[in-house]
Amino acid sequence: MISIGIILPAAGSGIRFGGHLPKQYMLLGNKPVILYAVEISLSIDGVQSVVIPVSPTDTTLQALLKHNNIDDDRINIVTGGNTRRDSVANALMSSSIADVDVILVHDAVRPLASKRLFEQIINAAYREGAAIPCVEESDTTKIVSNDFVVDTINRSEIRRVQTPQGFRREVLVNAYNNAVRHSLTGTDDASLVEAAGHPVRCIPGEHANIKITTNSDLIYVESLLSK
Ligand code: C5P
């Protein structure tokens with residue numbers, strides 16, 4: 001069986017959301033957003049550790065796990081960093097994932113990724129080194145500068161990219177070492193793997209696998225859940 005570590009970056013402040021509570025702790029149905037990602041991660045075959053970087057002052061996650069009776073020694077809470085890249089880099093240092101075959105990185109704020117998607121990403125990542133969920137873009141996409149269009153991108157070449165993103169452990173660790181050495185930041189993990197020269201396989205993503213960034217995302221995901 002493929003041994004797996006899952007990193008759930010959760011050290012964001014959620015400032016784009018407004019309000020005081022980071023978006024991963026907002027209630028979705030009767031459960032905080034992050035617990036959906038925690039529960040599905042623990043349910044995947046072969047998972048040895050779920051590493052969750054949170055901000056240094058965060059005591060909420062620990063309390064939420066207790067309150068919801070989630071008591072599993074595979075959960076490892078670590079300190080996150082100022083950027084998502086730093087949070088994942090800290091998580092990668094956890095000894096609990098030092099010997100796994102595949103590491104998945106999944107946004108704590110994507111509660112609706114299916115188990116099937118996790119499994120497809122794990123298998124493709126094990127086979128090919130790096131795999132990510134991609135969905136086609138239905139809107140026309142343009143490059144804009146100072147509120148004027150600079151160019152129109154050929155839509156058929158565009159994919160929107162989701163998590164979980166999966167990597168053979170050594171591929172991700174090399175990519176992060178390379179990123180830190182060259183001061184590269186990216187908005188996802190695959191971009192750091194690409195920068196290190198490793199091919200990244202696209203697997204069909206899921207339209208319901210929304211990243212909760214704004215209040216309207218939360219309302220939309222709530223409506224999907226209630227169906
Ligand atoms: O900011 P963004 O929406 O890209 O955040 C995606 C995920 O990365 C969220 O789950 C957030 O908590 C996490 N993050 C982090 N450390 C940071 C910033 C964001 O773990 N410094």
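Is Asn146 buried or exposed, and what is its relative accessible area? The legends below take up this residue first and then turn to other parts of the model, which is a predicted one.

**Figure 1. The loop between β8 and β9, with Asn146 in view.** Asn146 is exposed, and its relative accessible area is 71%. This residue belongs to the loop that runs between β8 (141–145) and β9 (148–153), and its phi is positive, at about 45°, although Asn146 is not a glycine. Asp147 has its place in the loop between β8 and β9 as well, and here too phi is positive in a residue other than glycine, with a value near 65°. Asp147 is likewise exposed, with a relative accessible area of 75%, a value that lies over the 50% needed for that word.

**Figure 2. The packing of helix α1 against helix α2.** Helix α1 covers residues 33–43 and helix α2 covers residues 60–67; the two pack at an angle of about 65°, and their axes are 11 Å apart. Because of this angle, α1 is roughly perpendicular to α2, and the crossing of the two helices is right-handed. On the side of α1, the residues that take part are Ile34, Leu35 and Val38, and they meet Leu61, Leu64 and Leu65 of α2. Sorted by class, this contact has 6 nonpolar residues, with no polar and no charged ones.

**Figure 3. Helix α1 and its buried residues.** Of the 11 residues in α1, 9 are buried, so that the helix is mostly covered. The buried residues are Val33, Ile34, Leu35, Tyr36, Ala37, Val38, Ile40, Ser41 and Leu42. Three of the names in this list, Ile34, Leu35 and Val38, can be found again in the contact with α2.

**Figure 4. Helix α5 and the elements that cover it.** Helix α5, made of residues 169–181, has 13 residues, and the distance from its first C-alpha to its last is 18 Å, close to the 18 Å expected at 1.5 Å a residue. Its buried residues are Arg169, Val171, Leu172, Ala175, Tyr176, Asn178 and Ala179. In an α-helix there are 3.6 residues a turn, so residues three or four places apart point the same way. The elements that cover the buried residues of α5 include two helices, α3 (84–92) and α6 (189–195), together with the strands β6 (102–105) and β11 (165–168). Just after α5 comes Ser183, which takes a positive phi of about 50°.

**Figure 5. The crossing of helices α3 and α5.** The axes of these two helices come within 11 Å of each other and cross at roughly 130°, and α3 and α5 are therefore oblique to each other. Their crossing is left-handed. From α3, the contact is made by Arg85, Val88, Ala89 and Leu92, while α5 brings Arg169, Leu172, Val173, Tyr176, Ala179 and Val180. By class, the contact of α3 with α5 has 8 nonpolar and 2 charged residues, and no polar ones. Among the α5 residues that take part, Arg169, Leu172, Tyr176 and Ala179 are also listed as buried.

**Figure 6. The cis peptide bond between Thr163 and Pro164.** The peptide bond that joins Thr163 and Pro164 is cis, and its omega is about 10°. Pro164 is found in the loop between β10 (159–161) and β11, and β11 is one of the elements that cover the buried residues of α5.

**Figure 7. Arg116 in helix α4, shown with Ile44.** Arg116 has its place in helix α4, which covers residues 115–128, and it is exposed, with a relative accessible area of 58%. Although Arg116 and Ile44 are 72 residues apart in sequence, their C-alpha atoms are 9.6 Å apart in space.

**Figure 8. Tyr220 in helix α7, shown with Ile210.** Helix α7 covers residues 215–226, and Tyr220 is found in this helix. With a relative accessibility of 44%, Tyr220 counts as partly exposed, since a residue must be over 50% to be called exposed and under 20% to be called buried. Tyr220 and Ile210 are 10 residues apart along the chain, and a distance of 9.1 Å separates their C-alpha atoms.

Notes
Residues are numbered from 1 along each chain as its sequence is written. This is a predicted model: local features need pLDDT of at least 70, side-chain atom pairs count only at pLDDT 80 or more; totals for chains, interfaces and linings use all residues. Side-chain values use heavy atoms; hydrogens and water are left out. Axes are lines fitted to C-alpha atoms, for helices over the stretch in contact, and angles run from 0 to 180 degrees between N-to-C directions. Helices (H or I, at least four residues) and strands (E, at least two) are DSSP runs, numbered from the N terminus. Angles under 35 degrees count as roughly parallel, over 145 as roughly antiparallel, 65 to 115 as roughly perpendicular and the rest as oblique. A crossing is left-handed if the near helix is turned anticlockwise from the far one by less than a right angle, and right-handed if clockwise. Contact means heavy atoms within 4.5 Å. Ala, Val, Leu, Ile, Met, Phe, Trp, Tyr, Cys and Pro count as nonpolar, Asp, Glu, Lys and Arg as charged, and the others, Gly among them, as polar. The expected span of a helix is 1.5 Å times one less than its number of residues. Buried means under 20% relative accessible area, exposed over 50%, partly exposed in between (1.4 Å probe, protein chains only).
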